[in-house]
Amino acid sequence: MPINVNENVFSIETENTMYQMCIDELGVLRHLWYGKKTGNDMGYLLDYPYICFSPSPYDAGNNRGYSLDTIPQEYSAVGTGDFRITALSVLNTDGSEAVDLRYNGYKICKGKYSIPGLPAVYAEDDSETLEIYLVDKLTNVQVVLKYGVISKYDIITRSAVICNGGESSITLKNAASMCLDIPYGQWDWIHFHGRHAMERMVERRPLFHGIQESSSKRGTSSHQQNPAVILCDKNCNEDYGDCIGAALMYSGSFGIKIELDQVNQTRVIMGINSDNFSWTLNKNEEFYTPEVILSFSDGGFSKLSHNFHNVIRNNVCRGNYKTCERPVLINNWEATYFDFDGDKIEKIAKTAAQLGIDMLVLDDGWFGKRNDDTSGLGDWVVNEDKLKCSLSQLSKRISNLGMKFGLWFEPEMISEDSDLYRTHPEWAIKMPGRNPVQCRSQMVLDMTRSDVRHYLYNSISSILKDADISYIKWDMNSSINGWYSEKIPSDRMGEMQHRYVLGVYDLLERLTHDFPNVLFEGCSGGGGRFDAGMLYYCPQFWCSDNTDSFDRTKIQYGTSFFYPVSTVGSHVSAVPNHQTGRISSLNTRGIVSMAGSFGYELDINSLSDDEQNKIKEQVIKFKKNRDLIHNGKYYRLSNATEDDFALWEFVKDGKALVQGMIFNTEPNLIHYCVKLKGLDANKKYKINSNGCYTGAALMYGGFLLDIPRGDYYGVELYVEEI
Ligand code: GLA
């Protein structure tokens, strides 16, 4: 039983970790422990210092040491004398802002809870759910804290449901998914920041006293910050040390706030961004917060990443493509941009088919009036004049080549110059009387509206029914401004951002459910919405618009901390690279792209015979190793943002593949030595069909890499058990 209740102590145990809480003498749910299994009630570590100016609840009497300003809690709330960042803020009808949560029971259920309207980790028999009920006795505001357990992956999920059990309506000003209080330790935090075409750069900083934050207010999880964070002890590295990872399954504006308080305790609050958020709850209405996926590792970042990779691969991604082999695709975007017709696309497909590529993806520009990025979005009508054939004819021509056919959509968008906008200007998000603020000359559709979603469902599904389509690239190229919907009452406009996300999920749920054989790949100007929420609908996500292999080593390095390789859309593109002008060899570009859901994005017909042959070999190589790459254990062998090389390794069933790049060359270098991971110390291995090394030698001693000949030098080592 992973969940145990012993009098007033709740323990959630996974294979290697323990999460513990207790109900104290005032009925407050305290946090006791999250870390390695101890087999102990960790309450003995509770400290009751009297800290001046930290007030006590009335029912603590003269016990001045009892203060919610210092006590580690499971779900901190406003108006209780806790001056730290709080998880829940409730504005009552009388104007007071307070909610005093006390214990009101618990339930343990078989299986993992789900969340209406929101993505959540799913699991069958091998999971359990703990629900803990809290209530404010004055207002009857009730909170259900949910804990899901996937023991074998050391995963605990958290989510909260807030219910207004009172007579009059209340307004939530903040409703976080999780509060995690960590009483002891000196922690660094790692977050993943960036910008368009440079997503998920790793930044590690010691916590300072006060509040630090990683968040998005853009309506999407964003390029600028990713909704995931790691707390780690000072000495933690890839292989050693304690760390806690938390990933929010949410694709909209989010907040991760961390406070190091006056008594050196750490509090993490994570959930929907409370800026511009409010939510009215009438009598008996409920609010569901998105889910946080949590894991603890005492074996450094590698182990933590393995836990997240496992749960995302097996318990977040869904549908037929969760386990079946991902097709190697060729996308026409960087080959043609908007300049194509059906013949040109067929020509690309023909060569690609000869080289073993499985699928042709037709990107932006096939619909409406769309010959550049200033018009046409929203008009999901095939432009047969441009294609010089129908979409169903084109898809047949592609399937006659033995290939699958995929298509780009950007459902959530509307161009000012579109028939849709001319007919339904009120469907675009903009503030009344003000000109819209536009990103890439486009506006965003009001996805809170059911008529908008209905229109999109019908447009997309009729195209899916009309042509033979196996894949959709679901793009989203805008931060969202001017939150206003004529369908939402003015005093509830603070609900709009979350309602937008719920609208996107609703449409995705219906389409993925009704078209189970279609592989959905998410995209948002590259990786601007790469989060566990989107991965619930789209088992792969275009990682970045930056296809430069050197930059990609850093982007994919940051991405790998939480997200498994199978979810990372990664393509070989042309040189000089279109984003950076950098030149790297086809071999290196292939190696970097193989660490993902692999494909090509270049004018394959402009390549020499020799290059085309190399592509053929790459595709064979990738397919041969696809299972190892997508389903093996992934190890980072270097720090791609600090070291002279980026190296990673896949390990499965007695085989390993080391791939990567040495960034620069210099004369008179000595060989770089790299230590392999995940091998069996007592077994013997050969490398690239040569030699005989014990696993111990390769892991503790290492292996010498070739001296690089040229910059961005590709590295590849095939390791096989003898
Ligand atoms: C975004 C995507 C690209 C491409 C273009 C098309 O930028 O990230 O891959 O699809 O849109 O306009």
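Let's start with Trp366, which is buried, with a relative accessible area of 0%. By "buried" I mean under 20% relative accessible area, while exposed is over 50% and partly exposed is in between, using a 1.4 Å probe and protein chains only. Phe367 is also counted as buried, at 0%. Trp366 and Phe367 form an edge-to-face aromatic pair, with 5.1 Å centre to centre and 75° between the planes. Here is the rule: rings of Phe, Tyr and Trp (its six-membered ring) pair if their centres lie within 6.5 Å, and planes under 30 degrees apart count as stacked, over 60 as edge-to-face and the rest as tilted.

A word on what you are looking at: this is a predicted model, where local features need pLDDT of at least 70 and side-chain atom pairs count only at pLDDT 80 or more, while totals for chains, interfaces and linings use all residues. Residues are numbered from 1 along each chain as its sequence is written, and side-chain values use heavy atoms, with hydrogens and water left out.

Back to the rings. How many aromatic pairs does a search of the whole structure find? It finds 36. Another of them is Phe550 with Phe663: the ring centres are 5.0 Å apart and the planes are at 85°, so this pair is edge-to-face. Phe550 sits in helix α10 (residues 549-559) and Phe663 in the loop between β34 (655-662) and β35 (673-674), so to speak of distant parts of the chain is fair, as they are 113 residues apart. Helices (H or I, at least four residues) and strands (E, at least two) are DSSP runs, numbered from the N terminus. Phe550 is buried at 17% relative accessibility, and Phe663 is buried at 5%. There is also a cluster linked by ring pairs, whose members include Phe192, Phe301 and Tyr557.Now for the barrel. Which strands close into it? There are 8, in the order β22-β23-β24-β27-β28-β29-β30-β31, and their pairing is parallel. From one strand to the next, the twist averages 30°. For angles like this, axes are lines fitted to C-alpha atoms, for helices over the stretch in contact, and the angles run from 0 to 180 degrees between N-to-C directions. Helix α12 (residues 609-631) packs on the sheet, where it touches β30 (568-573) and β31 (597-601), and its direction makes about 160° with that of β31. Contact here means heavy atoms within 4.5 Å.

Let's zoom in on two neighbours in that order. Strand β27 (residues 471-474) pairs with β28 (residues 519-522) in the parallel sense, over 4 bridges. Two strands pair if DSSP finds at least two bridges between them. Ile472 has Phe520 as its bridge partner in β28. As a reminder from your lectures, strands of a sheet pair through backbone hydrogen bonds, either parallel or antiparallel.

Next, charges. The structure holds 48 salt bridges, each being a side-chain nitrogen of Lys or Arg within 4 Å of a carboxyl oxygen of Asp or Glu. In one of these, Arg636 joins Glu238, with the closest N and O atoms 2.7 Å apart. Why does this pair tie together parts that are 398 residues apart in sequence? Because Arg636 lies in strand β32 (residues 633-636), while Glu238 is in the loop between β15 (228-233) and β16 (243-248). Both Arg636 and Glu238 are buried.

A second salt bridge is between the side chains of Asp358 and Lys623, at 2.8 Å from N to O. Asp358 is in the loop between α3 (342-354) and β23 (359-362), and Lys623 is in helix α12, 265 residues apart. Are these two buried or partly exposed? Asp358 is partly exposed at 21%, and Lys623 is partly exposed at 29%.

What about the cysteines? The structure holds 0 disulfides, a disulfide being a pair of cysteine sulfur atoms within 2.5 Å. Take Cys523, whose sulfur is 10 Å from the closest cysteine sulfur, in Cys538, and so too far for a bond. Cys523 is buried, with a relative accessible area of 1%.

Last, a few backbone details to find on your screen. The peptide bond from Val575 to Pro576 is cis, with omega near -10°, and Pro576 is in the loop between β30 and α11 (586-594). Which residue of strand β13 (residues 198-206) should you look at? Try Arg200: its phi is near 55°, a positive value in a residue other than glycine. Arg200 is buried at 3%. Ser222 is not a glycine either, and its phi is positive at about 90°. You will find Ser222 in the loop between β14 (210-215) and β15, buried at 2%.
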